[in-house]
Amino acid sequence: MNITVTPGRKIIGRLAKGEDLLAALEKVAREQGITLGEVQAIGAVSQARVGYYKQVERKYYFLDLAHPLEILCLTGNISVKDGNPMVHAHVTLSDGDGRAFGGHLAEGTLVFACEFAIQEYQSATALVRRMDDPTGLFLWPEK
Amino acid sequence: MNITVTPGRKIIGRLAKGEDLLAALEKVAREQGITLGEVQAIGAVSQARVGYYKQVERKYYFLDLAHPLEILCLTGNISVKDGNPMVHAHVTLSDGDGRAFGGHLAEGTLVFACEFAIQEYQSATALVRRMDDPTGLFLWPEK
Amino acid sequence: MNITVTPGRKIIGRLAKGEDLLAALEKVAREQGITLGEVQAIGAVSQARVGYYKQVERKYYFLDLAHPLEILCLTGNISVKDGNPMVHAHVTLSDGDGRAFGGHLAEGTLVFACEFAIQEYQSATALVRRMDDPTGLFLWPEK
């Protein structure tokens, strides 16, 4: 499945120290009324919580990294789930030895410093997440 | 070398479970006739194959990661090689312990779930990959 | 803090073998007069130097990776510091075993091959980095 979209607003900003990274990005999307878009960010966190989906068990497992990490790359999108804008983002992090870690960004990841960019898109068709039987995940329609 | 380009179409979509990640992205580019652009994606794969270029030997080595991984970040571009659109993408992946891996995305990487975005660009000058003597890689012109 | 910006020029290009990655990207920004924007790149480096910010000590530590690495993802932005365009970029790298590393991109990272894209933005408000007391970093204004 793919759709052609047109660019809407572009928003660049900084999140505040101590904010929950995922919740803060979703707050921007909701306050601005963005229901379709892309998110990117770099920065650092004081602690992180990331998910890994066990594809056979069809269940998310979460890993807590309880120490400061650089955000090497946050990449994600905004679409609609249960009637609200939802940010789906994956995050790559690095520790003091330069080793990289990451996963599905979960609440519990706390901003130390973060510079983000959100690109809104407009589309004739809303992208809505619904339960996808083959994967057990909330995904966009297959067709 | 750099060129200034103008934005074309933006396509957002989902790849199907079981598709080859690289081949599926190239299929979108070819079907849409996109010869210049950018690609981004997140999601998960059931297995991955990534390349590392040995710069002294001037040869790619490929690593098979034969287990499920999150796609933390796929970043790439679309340009022309041998007359056809070619996707050049690098991928960052994470395992169940949150450790990150990655490399040059090769065929043999199978989609579990994948949300992608392709931005087309238009340019007076086509970007065509040709053998670059200093590196042994197919690159855009140096000047 | 966030601002809504409008797209300016999009520049796609290749850096030359042997260039300093960070300095070369800043050179493009300065030559083109870009004071606000985003940067992305993939490619490979012959060696890398990346920073990790010790949040409690409020001090950057730098790690030298003195061997060839793939650039899995370079993500960054352009804004103004001390009156000049400054590139702030984080980089994810991988070695011959596919393991990923990364950090705050520092000078001393040498290009083997690199394909980059810079998106300029225009804004009524310039984004200027100033010392931020809570973090000890040069950041955009909090409000």
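These are my notebook entries on a predicted model, covering one chain interface, some strand pairings, two residues with positive phi and one buried histidine.

**Entry: the contact between chain C and chain A**

I began with the interface of chain C and chain A, to which chain C gives 37 residues and chain A gives 35 residues. The size of an interface is often given as the accessible area lost when the parts come together, and I therefore looked that value up next. For chain C and chain A the buried area comes to about 3000 Å², and 57% of it is from carbon and sulfur atoms. I then asked which three residues supply more than any other three of the area that chain C buries against chain A. They are C:Tyr52, C:Gln55 and C:His90, which together account for 24% of that area.

**Entry: polar links across that interface**

Turning to charged pairs, I noted that the rule finds 4 salt bridges across the interface of chain C and chain A. One that I followed to its atoms is the salt bridge of C:Arg129 with A:Glu115, where the closest N and O atoms are 2.7 Å apart. The count of residue pairs in polar contact between chain C and chain A is 18, with both residues of a pair at pLDDT 80 or more. On the side of chain C that touches chain A, the elements giving two or more residues are β1 (2–15), β2 (37–54), β4 (69–81), β5 (84–94), β6 (100–105) and β9 (137–139) of chain C. Sorted by class, that side of chain C holds 18 nonpolar, 15 polar and 4 charged residues.

**Entry: strand pairing**

I next looked up how strand β1 (residues 2–15) of chain A is joined to β1(C), and found 4 bridges, with the two strands running antiparallel. As a position to locate in this pairing, I wrote down A:Ile12, which stands opposite C:Ile3 in β1(C).

Within chain B, I looked at strand β2 (residues 37–54) and strand β3 (residues 59–65), which run antiparallel and are joined by 7 bridges. Here B:Val50 has B:Leu63 in β3(B) as its bridge partner. The strands β2(B) and β3(B) form a hairpin with 4 residues between them, and B:Arg58 in the turn has a positive phi of about 60°.

**Entry: positive phi in chains C and B**

In chain C I looked up C:Arg58, which is a residue other than glycine and has a positive phi near 60°. C:Arg58 sits in the loop between β2 and β3 (59–65) of chain C. Is C:Arg58 buried, partly exposed or exposed? With a relative accessible area of 40%, C:Arg58 is partly exposed.

The other case I noted is B:Asp82, likewise not a glycine, with a positive phi of about 55°. B:Asp82 lies in the loop between β4 (69–81) and β5 (84–94) of chain B. Its relative accessible area is 65%, so B:Asp82 is classed as exposed, the cut-off for that class being over 50%.

**Entry: A:His88**

Last I went to A:His88, which belongs to strand β5 (residues 84–94) of chain A. Because its relative accessible area is 9%, A:His88 counts as buried, a class that takes values under 20%. I asked which side chains make polar contacts with the side chain of A:His88. The side chain of A:His104 does so at 3.4 Å, and the side chain of B:Glu115 does so at 2.9 Å. Apart from neighbours within four places in sequence, A:His88 is in contact with A:Thr75, A:Gly76, A:Asn77, A:His104, A:Arg129, B:Ile42 and B:Glu115.

Methods: Residues numbered from 1 in each chain as written. Chains lettered and ligands numbered in written order. Predicted model: local features only at pLDDT ≥ 70, side-chain atom pairs only at ≥ 80, totals over all residues. Heavy atoms only, no water. Contact = heavy atoms within 4.5 Å. Buried area = accessible area lost by both parts, 1.4 Å probe. Salt bridge = Lys/Arg side-chain N within 4 Å of Asp/Glu carboxyl O. Polar contact = N/O pair within 3.5 Å; in protein donor to acceptor, adjacent residues only side chain to side chain. Nonpolar A, V, L, I, M, F, W, Y, C, P; charged D, E, K, R; others polar. Pairing = 2+ DSSP bridges. Buried < 20%, exposed > 50% of the residue type's maximum accessible area, 1.4 Å probe, protein only.
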